[in-house]
Amino acid sequence: MSTPKKALFNWSSGKDSALALYKILQNSAYKIEFLVTSVNQQFQRISMHGVRVELLETQAKSIGIPLKILQIPEMPTMEVYEDVMTKALTELKEQGISHSVFGDIFLEDLRKYREDQLAKLGFEGVFPIWKIPSHDLIQEFISLGFKTIVVCVNEKYLDKSFVGRIIDQDFINDLPENVDVCGENGEFHTFAFDGPIFSKPIDFEIGEIVYRKYEKPKTEDSSNTACDTNDETAFDFGFWYCDLIPK
């Protein structure tokens, strides 16, 4: 049997990451050495998800994989973001890590962007749930016993009533037809708090719901950095966030 390839996992804290990690952990060709997460340096919350760092750290502890946090300025340019990523990946490469795993599903441009950036540093991208239909993924996620709560919704697609809800069959049935059930187009973001990758559930209380608008990004990239870049024009829509308070 060949030696597993050392890999990092790009951990968002949400359901797609959780399912992709579940699948890659069953693949003996790879060994996940680190979870890597971008955090808003000013607020100490996961980029775009708005989840507190304390809950991210609790997740990683329950999963049992070391966590590497990348501190990202409040409104970075793509150049600043890429500089932070390049520095982090260069350090990880020195530890023998050669692969970077993502929970992307079907955004071709985003995958190409990731692969192009990785190739510059000699990394390869791995996409465990790529091209699996969203409806199949969410049903598998639920059937495996995963639990996740919606922590952010884009008001362009969903109203305030969807944030703070647990994803179950009722949630899926309530989604408008133009919304991907996995939120792959950025319609909503989640926090996974229970399931087969966790040694124990993540305990939290639901806090206040807040509304925020961001400045328009300079690129069409829909990764979790998309709303962390700035431009002169503001979005004509905002985001509803549900704060989760660690217990």
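**Exercise 1. Two crossing helices**

Helices H3 and H4 make a right-handed crossing; work out how their axes are placed and which residues meet.

*Solution.* Before you start, note that this is a predicted model, in which local features need pLDDT of at least 70 and side-chain atom pairs count only at pLDDT 80 or more, while totals for chains, interfaces and linings use all residues. Residues are numbered from 1 along each chain as its sequence is written, and side-chain values use heavy atoms, with hydrogens and water left out.

Step 1: Find the helices. H3 covers residues 78-93 and H4 covers residues 108-120. Helices (H or I, at least four residues) and strands (E, at least two) are DSSP runs, numbered from the N terminus.

Step 2: Look at the axes. Those of H3 and H4 come within 11 Å and cross at roughly 55°. Axes are lines fitted to C-alpha atoms, for helices over the stretch in contact, and angles run from 0 to 180 degrees between N-to-C directions.

Step 3: Name the arrangement. Angles under 35 degrees count as roughly parallel, over 145 as roughly antiparallel, 65 to 115 as roughly perpendicular, and the rest as oblique. H3 and H4 are therefore oblique to each other.

Step 4: Check the hand. A crossing is right-handed if the near helix is turned clockwise from the far one by less than a right angle, and left-handed if anticlockwise.

Step 5: List the partners. From H3 come Met78, Tyr81, Glu82 and Leu89, and from H4 come Tyr113, Gln117 and Leu118. Contact means heavy atoms within 4.5 Å.

Step 6: Sort them by class. The contact of H3 with H4 has 5 nonpolar, 1 polar and 1 charged residues. Here Ala, Val, Leu, Ile, Met, Phe, Trp, Tyr, Cys and Pro count as nonpolar, Asp, Glu, Lys and Arg as charged, and the others, Gly among them, as polar.

**Exercise 2. Helix H1 and its partner**

How many residues of H1 are buried, and at what angle does H1 pack with H5?

*Solution.* Step 1: Count the covered residues. H1 spans residues 15-25, and 8 of its 11 residues are buried. Buried means under 20% relative accessible area, exposed over 50%, and partly exposed in between (1.4 Å probe, protein chains only). The buried residues of H1 are Lys15, Asp16, Ser17, Ala18, Leu19, Ala20, Leu21 and Ile24.

Step 2: Zoom in on one of them. Asp16 has a relative accessible area of 16%. Beyond its neighbours within four places in sequence, Asp16 is in contact with Gly103, Ile105, Ile129, Cys182 and Glu184.

Step 3: Turn to the packing. H1 and H5 have axes 11 Å apart and an angle of about 75°, so the two are roughly perpendicular to each other. Lys15, Ala18, Leu19 and Lys23 of H1 make the contact with Leu137, Ile138, Glu140 and Phe141 of H5. By class, this contact has 5 nonpolar, no polar and 3 charged residues.

**Exercise 3. Two nonpolar cores**

Which residues touch the most other members of the largest nonpolar core?

*Solution.* Step 1: Recall the term. A nonpolar core is a set of buried Ala, Val, Leu, Ile, Met, Phe, Trp, Tyr and Cys residues joined through side-chain atoms within 4.5 Å.

Step 2: Read off the residues. In the largest core, with 52 residues, they are Phe9, Trp11, Leu21, Phe188 and Phe191. A second, separate core has 18 residues, including Leu8, Met78, Leu89 and Leu92.

**Exercise 4. Two loop residues with positive phi**

Where do Gln44 and Lys131 lie?

*Solution.* Step 1: Take Gln44. It lies in the loop between strand E2 (30-40) and strand E3 (45-46). Its phi is positive, about 55°, although Gln44 is not a glycine. At 30% relative accessibility, Gln44 is partly exposed.

Step 2: Take Lys131. This residue is in the loop between strand E6 (124-126) and helix H5 (134-143). Lys131 is not a glycine either, and has a positive phi of about 65°. With 47% relative accessibility, Lys131 counts as partly exposed.

**Exercise 5. A contact across the sequence**

Is Leu158 buried or exposed, and what does Leu158 contact?

*Solution.* Step 1: Leu158 sits in the loop between strand E7 (147-154) and helix H6 (169-174). Its relative accessible area is 3%, so Leu158 is buried.

Step 2: Leaving aside neighbours within four places in sequence, Leu158 is in contact with Val153, Leu175, Pro176, Val179, Glu187 and Phe188. Leu158 and Pro176 are 18 residues apart along the chain, and their C-alpha atoms are separated by 8.0 Å.
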